[in-house]
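Thanks for coming. I will keep this short, so please have a look at the sequence and the structure first.

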Amino acid sequence: MITIQKFTFNPYQENTYVLYDETGECVIIDPGMYDGHEQNVFAGWIKESGLTPVLLLNTHCHIDHVLGNKFVFDNWGLKPSFHQGELPVLQAVVSYAPQMGMRYELSPEPEVFLDETGTVIFGNSELQLIFAPGHSPAHLCFYAREDNFLIGGDVLFYNSIGRTDLPGGNHQQLLTSIREKLFVLPDSVVVYPGHGGITNIGYEKENNPFLR
């Protein structure tokens with residue numbers, strides 16, 4: 001049984017997730033902690049909860065989702081894992097961060113890249129990889145089939161979809177990803193997005209104005 005803890009960090013109000021199970025092992029997904037206060041809140045919660053971080057995952061590598069990668073590496077020795085197609089996106093952050101008025105601590109690069117399909121394992125739990133490009137070139141979602149939820153990154157939001165006006169974005173590709181990769185999941189699957197509140201697949205199939 002996977003438990004989900006959400007933190008909302010940085011000026012972009014990005015959702016950082018920690019997934020953990022009864023073993024005490026946990027996965028950190030899209031760490032967005034930005035300043036010392038946010039870093040302390042996160043590290044303090046991990047310690048108080050008695051968790052052992054074993055994986056750092058990025059759905060994609062836009063700045064708001066990788067601001068805490070270096071902090072996670074410094075504290076728990078974890079390098080990020082993401083699809084290789086996101087590496088240029090990560091490498092570009094250092095050049096545009098100053099233009100956005102953001103301080104950016106350089107993220108380490110992966111030792112192991114994730115594929116378009118497959119699984120990642122932690123504790124007694126498994127997450128399936130779902131390749132859903134469009135918001136970014138090689139975006140991945142993480143699907144916990146047994147626990148009926150999806151860590152969706154910036155693909156699908158409550159009544160909305162990820163923006164596609166950033167470098168590497170493609171509107172039609174994003175719509176195709178949602179229809180062919182996410183809308184084939186059970187209607188009851190809860191979606192935990194990269195920004196905002198949760199939704200579910202069935203609701204978005206019926207109501208999302210971008211996918212009518």
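I will go through some strand pairings and then one residue in a loop.

This is a predicted model, where local features need pLDDT of at least 70, side-chain atom pairs count only at pLDDT 80 or more, and totals for chains, interfaces and linings use all residues. Residues are numbered from 1 along each chain as its sequence is written, and side-chain values use heavy atoms, with hydrogens and water left out.

Helices (H or I, at least four residues) and strands (E, at least two) are DSSP runs, numbered from the N terminus. Two strands pair if DSSP finds at least two bridges between them.

Strand 3, residues 25–29, runs parallel to strand 4, residues 52–57, and five bridges join them. Ile29 has Leu57 in strand 4 as its bridge partner. Between these strands the chain passes through helix 1, residues 36–48, in a right-handed β-α-β crossover; with the strands pointing away from the viewer, the path over the helix to the second strand runs clockwise. Strand 4 is also parallel to strand 5, residues 80–81, through two bridges, and Leu56 is partnered with Pro80 there.

Next, an open sheet of six strands, in the order 6-7-8-9-12-13 with mixed pairing. Its edge strands are strand 6 (119–122) and strand 13 (199–200). Strand 6 pairs antiparallel with strand 7, residues 125–131, over four bridges.

Finally, Val189 lies in the loop between helix 5 (171–182) and strand 12 (190–193). Is Val189 buried or exposed? Val189 is buried because its relative accessibility is 0%; buried means under 20% relative accessible area, exposed over 50%, partly exposed in between (1.4 Å probe, protein chains only).
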